[in-house]
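User: I am new to reading protein models and would like a close look at one part of this one. Could you take me slowly through a buried serine and then through some of the helices and loops elsewhere in the chain, explaining each term as you go?

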Amino acid sequence: MAKISTTMASFKPFFFFFSSLLYFSTAQSPPPPPPPQSLINAAETLSNSGYISMSLTLELIADTVISRAAKNSLTGSALTIFSPPDSSFSDFGQPSLSHILLHFSPVSISLSSLQSLPFSSKIPSLSPSSSLYVTSVGSDSRVSINNVEIVGSPIYDDGYVIVFRIEDFFTQNFTQPETNRNPNFKSSPQCIRLDPFSRFYEVSLMMKSKGYLIMSSFLELQLIGFLKNTELKLTVFAPMDDAVVGFSGDFPVYQQLFLRHLVPCVLYWTDLNEMVNGTEFKNYVNGLSLTITKVNDVSFVNGVEITYPDLYYNDWVVVHGLQSLIPLPDEIDDEMHEDPVKPEVDVSIAPDRSEF
């Protein structure tokens with residue numbers, strides 16, 4: 001049996017679980033809508049709301065938006081649009097494509113998410129030369145980006161594409177504002193910088209669309225996803241929601257339930273197919289190894305069939321879908337030591353055929 005040893009020093013998950021996590025995950029997310037139709041609906045809403053210039057602009061550059069968004073989001077449908085009013089187009093004239101793309105972000109950001117972002121947080125955009133930064137401060141519910149205020153709530157939101165109104169065009173080449181230190185601090189506090197968006201965002205979006213909402217939620221809750229410059233290699237064997245929902249509220253098992261489906265290395269489907277039958281990987285759970293076996297063209301991990309190979313993959317994380325949970329060693333032992341079912345015996349008196 002081939003054995004592969006891996007290091008776990010680079011991945012130390014931090015768990016923050018909420019009691020409603022598994023309860024709400026029983027309903028599977030619908031698959032993403034076709035991006036072109038979402039943009040058509042958004043353009044119509046902009047036009048009906050009096051933002052005709054942005055509506056026409058969106059129709060003209062829709063293909064460019066979809067292409068650039070696809071480089072940042074696997075489905076290409078996650079998008080937030082910030083629309084200036086028609087008066088801004090009249091005063092400014094026709095902006096460059098790079099300037100227009102500054103008003104498109106390749107992530108779907110709700111108003112509550114924007115309000116929760118700290119001052120000076122960077123928001124990704126489709127512009128190749130400029131960036132967006134949160135410039136609102138305090139507990140006020142109003143949000144400003146690049147010193148331009150967002151007007152009210154979104155006018156369009158289909159769960160993947162969101163459209164906000166803004167007071168004017170965002171400024172290009174905007175300099176990230178410096179955060180002011182509290183004068184009461186006598187020395188700089190020992191803090192680390194967290195990204196406003198987790199690196200697990202894209203993989204989580206795809207997993208939710210395929211019925212793996214619970215495991216995607218576990219990934220989203222990992223603090224390491226918000227840390228910069230942290231080397232990470234990970235393979236996730238994700239069971240379907242139906243297999244996990246029975247553990248709702250059983251908080252003590254959440255950690256080992258999640259960790260036993262991880263391997264601290266990248267294993268693409270092609271890698272699994274080329275492995276020697278019985279290859280074993282050390283896992284994050286003490287006493288548990290994950291063994292890859294193959295029967296004809298079907299691959300298994302600890303006896304559980306891999307039903308959705310390469311559900312998501314990039315250069316540092318791969319997700320393979322499973323139909324059921326990977327059992328713990330003691331669960332397997334319990335099954336093996338159960339008393340075998342004795343066959344039923346007909347105890348009725350058989351006829352005496354000795355006379356024949």
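Analyst: Ser38 lies in helix 2, which covers residues 35–48; helices here are DSSP runs of H or I with at least four residues, strands are runs of E with at least two, and both are numbered from the N terminus. The model is a predicted one, in which local features need pLDDT of at least 70 and side-chain atom pairs count only at pLDDT 80 or more, while totals for chains, interfaces and linings use all residues. Residues are numbered from 1 along each chain as its sequence is written, and side-chain values use heavy atoms, with hydrogens and water left out.

Ser38 counts as buried because its relative accessibility is 1%, where buried means under 20% relative accessible area, exposed over 50% and partly exposed in between, with a 1.4 Å probe and protein chains only. The side chain of Ser38 also makes a polar contact, at 3.0 Å, with the side chain of Asp158; such a contact is a pair of N or O atoms within 3.5 Å, and within protein one must be able to donate a hydrogen and the other to accept it, while residues adjacent in sequence count only if both atoms are side-chain atoms.

A second serine, Ser125, sits in the loop between strand 4 (122–123) and strand 5 (132–133), and it counts as buried because its relative accessibility is 16%. Its side chain reaches the backbone nitrogen of Ser127 at 3.3 Å and the backbone oxygen of Ser130 at 3.4 Å.

Turning to helix 3, residues 52–70, we find 19 residues that reach 26 Å from the first C-alpha to the last, close to the 27 Å expected at 1.5 Å a residue, the expected span being 1.5 Å times one less than the number of residues. Helix 3 bends by about 65° at Ile61, the bend being the angle between axes fitted to the seven residues ending there and the seven starting there. Among the buried residues of helix 3 are Met54, Leu58, Ile61 and Val65.

Finally, Val319 is found in strand 15, residues 317–322, and with 0% relative accessibility it counts as buried. The C-alpha atoms of Val319 and Met207 are separated by 8.4 Å, although these residues are 112 residues apart along the chain.
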